[in-house]
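Hi there,

Here is the structure I promised to pass on. Have a look at it first, and then read on for my notes.

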Amino acid sequence: MRYELYYWSGIQGRGEFVRLALEDAGADYIDVVRKCGDKAMMPFLRGAQDGALPFAPPFLKAGRLVIAQTATILAYLGPRLGLVPGGQAAELYAQQLQQTIADFVVEVHDTHHPIASSQYYEQQRSAARKRAQAFRDERLPKFLGYFEKVIERGNGKQALSRHSYVDLSLFQLVSGLDYAFPNAMRDMENRIPRLRALAERVSQRANIAAYLRSSRRLAFNEEGIFRHYPALDSKG
Ligand SMILES: N[C@@H](CCC(=O)N[C@@H](CS)C(=O)NCC(=O)O)C(=O)O
C-alpha cells in the first residue's frame, strides 16, 4: 500500500505526528502537498472527492479510504504498521492517549493564538502572555506529569507494553516544547525523567534518526504549532 499524506507544506504541524509513524515503520508514502503544492488538498476540503469529508489537514489517503483527524489516522495506521500492541484494550488505550496529546496540542497552539487563529500573534500579544503564563504554570506540568505517569504504568520505558505510535508522538511533543518553551521545560526537567529518556530513545531509532537528519524533517518555525516567542516563555 502506498499511503498519501496531505498536510500544509512549510511546517511540521499536526502532520508530523503521522509522518513520524510512517517514517519509523519505513512505510511507502508520498507527502503529496510537498510534492504538488497546497492546492492538492483543496478538492478534498471542498468535498469534490469521494469518501469521507475532512474538516482540516492532516488527512491520509489509503487506497479509496480518506481518513482525517490525527488520532484517527494513527489508530488506523497503528495495527497496519506494527505500531501498537495487539488487542482491543491496547488499541483503545493508544487512541485515548493520542486524543489527550491532541487536546494538549490545542492548548499549545492557543498560547500564541488565544483570541483567533485568523489573526496574527502580534495582534493578540497581550492575551497570549497571560494565556502562556497559565499554560506554563498549570497545564504544562499537568499534562507532562500525566504522561510521565503513563510511562511508569506502561513498561517503565514506553507508554504501552512495547514501542507504539504514542511514543513517537510523545517524542514530538517533547521536541516541540523544548523548542517553544526552553525555560519552562528546564524547570520541568527533574519531574519528567521517563519522558526525557523515552524521547531520547525514540530519537535514536534507526529510521527516526535518519529522518531527523534528512531534508524531509523541517525545522520548527514561527508558522507552526510549536513557536518560540521569548515573551511567552519568560519567568516574569
Ligand atoms: N483535531 C484535528 C485538528 C486539525 C487542525 O486543526 N488542522 C489545522 C492545521 S494543524 C488546520 O488546518 N486547521 C484549519 C481550521 O481549523 O480551520 C487533528 O488533530 O487532526
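Below is what turned up around the ligand, in the pocket and in the cavity. Please keep in mind that this is a predicted model.

**The ligand and its neighbours**

Let me begin with the ligand, which sits in the largest pocket. The residues around the ligand are Tyr7, Trp8, Arg14, Phe55, Ala56, Pro57, Pro58, Gln69 and Thr70. By type, this shell divides into 6 nonpolar residues, 2 polar and 1 charged.

Which atoms of the protein lie 3.2 Å, 2.8 Å and 2.6 Å from the ligand? Arginine 14 places a polar side-chain atom 3.2 Å from an oxygen atom of the ligand. At proline 57, a polar backbone atom is 2.8 Å from a nitrogen atom of the ligand. In glutamine 69, an N or O atom in the side chain is 2.6 Å from a nitrogen atom of the ligand. As for burial, the ligand on its own has 510 Å² of accessible area, and the protein covers 65% of that.

**Two backbone details beside the ligand**

Proline 57 comes up again in the backbone, since a cis peptide bond joins proline 57 and proline 58, with omega at about 5°. Proline 58 belongs to the loop between helix H3 (42–46) and strand E3 (59–62). Both prolines are among the residues around the ligand.

Glutamine 69 also has a backbone feature to look at: phi is near 75°, a positive value in a residue other than glycine. You will find glutamine 69 in the loop between strand E4 (65–68) and H4.

**The pocket as a whole**

The largest pocket has a volume of about 930 Å³. Two elements give two or more residues to its lining, namely helix H4 (70–80) and helix H5 (88–112). Which of these gives the largest share of the lining? That is H5, with 8 residues.

In total, 35 residues line the pocket, and Tyr7, Arg14, Pro57, His109 and Ile225 lie nearest its centre. Tyr7, Arg14 and Pro57 will be familiar from the residues around the ligand. The lining divides into 19 nonpolar residues, 10 polar and 6 charged.

**The enclosed cavity**

How many cavities of 30 Å³ or more are there? The count comes to 1, and the volume of this largest cavity is about 70 Å³. Its lining is made up of Ile11, Gln12, Gly13, Gln172, Ala219, Phe220, Asn221, Gly224, Ile225 and Phe226. These residues divide into 5 nonpolar and 5 polar, with no charged residue. Ile225 is worth finding on your screen, as a residue in the lining of this cavity and one of those nearest the centre of the largest pocket.

Happy browsing, and do write back with any questions.

Best wishes

Definitions and conventions:
Residues numbered from 1 in each chain as written. Predicted model: local features only at pLDDT ≥ 70, side-chain atom pairs only at ≥ 80, totals over all residues. Heavy atoms only, no water. 1 Å grid on protein atoms, 1.4 Å probe; cavity = no way out; pocket = protein on both sides within 12 Å on 5 of 7 lines; lining within 4 Å. Points joined across faces, edges and corners; volume = space filled by probe spheres on them. Nonpolar A, V, L, I, M, F, W, Y, C, P; charged D, E, K, R; others polar. Near = heavy atom within 4 Å. Polar contact = N/O pair within 3.5 Å; in protein donor to acceptor, adjacent residues only side chain to side chain. Areas by Shrake-Rupley, 256 points an atom, 1.4 Å probe, with all protein chains shown as cover. Sits in = over half its atoms within 2 Å of the grid points. Helix = DSSP H or I, 4+ residues; strand = E, 2+ residues; numbered from the N terminus.
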